[in-house]
Amino acid sequence: DNVRKNFFLLSSFIFFLKVIIKSILINSNKSLKYFLSKSNIIFLTPFEAENNNYLASISNFNNKIEKFNNSKITHIQYLSNIDHKYKKIVPKNFPLKFNKEKIFVIFELINFFEVLFCFFIYLKFYFISNKYLNEISLYFENTKKKHLYFAIHQEIKDSFKGSILFQNILYIYIFNKIKNYSLSNSKIFYNFENQYWEKILLQVFKDKNYCKFGIIDAPPKLWDSNLYMKNNRLFDVLYPNYILYSSPVYAKLIKPTNSFIKKKLILIESFKYRKISHNKILIFGDGNKLSHNLLIQIVLKLKYKLNNKFVFFMRAHSSNLRYSYDFKKSSNSLEKDINSSCFFIIPNTSNSYLDILLNNKIPLVFESKETINKSIFKFINLNYLTFQNEDDLYYMLNNINKINLKKAKNEIIKNLIHTNNSFVLFEKFVKLHL
């Protein structure tokens with residue numbers, strides 16, 4: 001127990017040092033207070049270390065708001081894990097202009113002394129955490145759910161003692177700082193993924209005068225616990241006022257009895273997925289290392305089977321930037337890669353099949369027997385686009401013309417992603433809620 005106790009403290013201290021170094025190297029931005037005091041909309045979006053695809057889609061989102069509603073926007077990029085490597089990425093040659101929007105990144109909002117203060121709070125909580133951990137253990141024991149506690153007890157301890165606790169305290173501090181500087185009736189938009197930091201954001205901005213909008217601009221993953229929630233008003237503070245979604249199947253997958261979530265849903269058009277004689281095969285990497293390695297092994301076998309008739313390019317996943325020397329590196333432009341490729345090999349955890357199908361091309365989707373199948377394909381009759389080994393993949397490449405592209409595309413448009421370049425539904429949402 002002493003070893004584990006020291007491990008949590010040591011891991012938190014190492015994490016603290018990394019954050020301290022970042023707070024020293026990255027200057028805090030003193031203009032935050034001014035821009036928040038003038039902005040009636042705040043966007044929080046994931047930080048991207050590579051190509052700013054999400055930033056580009058949010059720019060389109062913001063431009064539409066400016067067209068339909070005269071709003072001033074402050075845009076803050078967060079890191080899902082503050083421990084990730086970081087440098088500010090808003091390149092000088094970034095093609096999109098943000099007219100009324102000011103972009104900040106999470107480390108510009110906190111300075112060296114504030115990080116020290118947060119670590120002091122962490123230490124205070126660390127030394128009294130055993131009391132709460134014992135109460136939690138006793139609760140699981142009394143409710144005869146000790147098996148569940150056994151499965152998650154390490155995560156619970158990390159939340160009460162480890163680096164996760166320190167990270168939570170940082171987010172509580174940062175979000176309160178944003179709240180203190182912002183207008184009392186600000187509207188908050190964020191990427192809705194049901195993550196821990198979202199719960200902190202919603203509780204900090206729990207006052208009714210703040211309207212919160214969660215954005216889901218992709219088909220749902222089957223691990224999304226929102227799909228299985230039961231009606232419970234106690235959870236209201238942990239959810240946004242509205243959930244903007246662009247995948248029609250999302251509303252269908254939520255249990256009919258879950259009116260609590262259904263009442264929050266507003267369907268809008270997708271901003272991220274837009275319609276955009278080659279021998280190029282584009283491979284999309286997987287964030288899951290096991291699935292990624294299995295996919296690479298299959299593609300390497302296929303490459304030699306095709307006798308190097310094709311040029312293979314790899315487009316790495318943002319959370320697993322692992323390139324194979326057997327493949328060339330793709331460009332930073334997804335649109336360019338799609339237009340210049342003839343075949344597309346993707347893991348079933350990727351939503352890139354949307355970009356591919358909407359551009360009238362066919363994705364070949366890897367479904368591994370060694371990992372849990374979390375793909376939505378089985379619910380909408382798209383299993384014929386999947387393969388499990390190099391023989392399946394080789395057959396699909398040689399019979400690509402037999403795949404009904406029109407049918408697959410219709411299934412996508414009907415169930416998975418709602419697109420309309422006129423943005424009729426989004427204009428209606430802006431006029432009703434902003």
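In the predicted model, helix α11 (residues 289–305) packs against helix α14 (residues 390–398) at an angle of about 50°, and the two axes lie 9 Å apart. Because of this angle, α11 is oblique to α14. The crossing of the two helices, α11 and α14, is right-handed. On the α11 side, the contact is formed by Ile298, Lys301, Leu302 and Lys305; α14 contributes Glu390, Asp391, Leu393, Tyr394 and Leu397. Classified by residue type, the contact of α11 with α14 comprises five nonpolar and four charged residues, with no polar residues.

Helix α11 is also associated with strands of a sheet. It lies across β8 (280–284), β9, β11 (343–347), β12 (363–366) and β13. Relative to β9, helix α11 runs at about 170°, an angle that counts as roughly antiparallel because it is over 145 degrees.

The sheet itself is open and is built from six strands, arranged in the order β10-β9-β8-β11-β12-β13, with parallel pairing. Its edges are occupied by β10 (328–329) and β13 (386–387), each of which pairs on one side only. At the β10 edge, strand β9 (residues 311–315) is joined to β10 by two bridges, and these two strands run parallel. Within this part of the sheet, phenylalanine 313 is positioned opposite lysine 328 of β10. At the other edge, β13 is among the strands that α11 lies across.

Methods. Residues numbered from 1 in each chain as written. Predicted model: local features only at pLDDT ≥ 70, side-chain atom pairs only at ≥ 80, totals over all residues. Heavy atoms only, no water. Axes fitted to C-alpha atoms, helices over the stretch in contact; angles between N-to-C directions. Helix = DSSP H or I, 4+ residues; strand = E, 2+ residues; numbered from the N terminus. Parallel < 35°, antiparallel > 145°, perpendicular 65-115°, else oblique. Left-handed = near helix turned anticlockwise from the far one by under 90°. Contact = heavy atoms within 4.5 Å. Nonpolar A, V, L, I, M, F, W, Y, C, P; charged D, E, K, R; others polar. Pairing = 2+ DSSP bridges.
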